[in-house]
Amino acid sequence: MKHIVVDLEMNNIRRRSEARKICTNEIIEIGASMLDENLWEIGKFQIYVKPEYNDVIVPKISKLTGITNEMVANAPTFSVAFKQFTDWCLNIKDDVMIYAWSNTDHSQVMKEIQLKQYKLSEEEHKLMEHGWTDFQNEFDIHLGFERQISLKLALDMAGIDFNGRQHDALDDARNTAKLLRVFKDEELFDQTLRKIEEVMKPSSLENTLGNLIDLSMFMTT
């Protein structure tokens, strides 16, 4: 079994476009880290994607991601880029599980598949329908959080320093992969996250998480 942690960056579809009836954003970058059975990186994937329903990268998106109009001008469109990504995932000839921080990325891919009439192969369909995990949801449920927490806070909890640039798809994927390894490794989990898990148990609610860290500023809405 191989594990792939993926992250997407997106640009707004222009207003008044008929495409907004299906989705409001388009993928402009795919980044992914491939991990072996022990959750160590054995490969990486990164590609920019040319938007088809907006002529420019929205300024606030460019500021957030660092992606400029020039960086996507000659990039492949979604259908070509996504095929390269799935080929990369499936060429290892092993079972694959994909992880993303939240279900937003999976939803975005499925909407663009519909919008851009991408025809999934049988292997791609299996990958999208049965091989994709919402790691954020798994993390939140396991530690007892009722609201979604940010990747940055989750990394802080696990004692992981963010390497690279936030909202760079490959850097986000690689940092999420480091968190996944801590989360799945019992010894590492005991060293970093067990205390938080115990505090969040219903029987320990009197020991509020506020004694450990103020979460409110990091909660996503």
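**Notes on α6 and the cores**

1. Let's start where α6 ends: Gly 144 comes after this helix, and its phi is positive, near 85 degrees. (Helices are DSSP runs of H or I with at least four residues, strands are E runs of at least two, and both are numbered from the N terminus.)

2. Keep in mind that this is a predicted model, where local features need pLDDT of at least 70 and side-chain atom pairs count only at pLDDT 80 or more, while totals for chains, interfaces and linings use all residues. Residues are numbered from 1 along each chain as its sequence is written, and side-chain values use heavy atoms, with hydrogens and water left out.

3. At the other end of α6, the backbone nitrogen of Gln 136 has a side-chain oxygen of Asp 134 within 3.2 Å.

4. Which residues of α6 are buried (under 20% relative accessible area, 1.4 Å probe, protein chains only)? They are Phe 135, Gln 136, Phe 139, Asp 140 and Leu 143. These sit on the same side of α6 because they cover an arc of only 130 degrees around the axis, taking directions from the helix axis to the C-beta atoms.

5. The largest nonpolar core (buried Ala, Val, Leu, Ile, Met, Phe, Trp, Tyr and Cys joined through side-chain atoms within 4.5 Å) has 28 residues, and Phe 139, Leu 179 and Leu 193 touch the most other members. Helices α6, α7 and α8 each give it at least two residues; α8 has the largest share, six.

6. Leaving aside residues up to four places away in sequence, Leu 193 touches Phe 139, Leu 143, Met 157, Ala 158 and Val 182 (contact means heavy atoms within 4.5 Å).

Technical notes:
Buried < 20%, exposed > 50% of the residue type's maximum accessible area, 1.4 Å probe, protein only. Polar contact = N/O pair within 3.5 Å; in protein donor to acceptor, adjacent residues only side chain to side chain.
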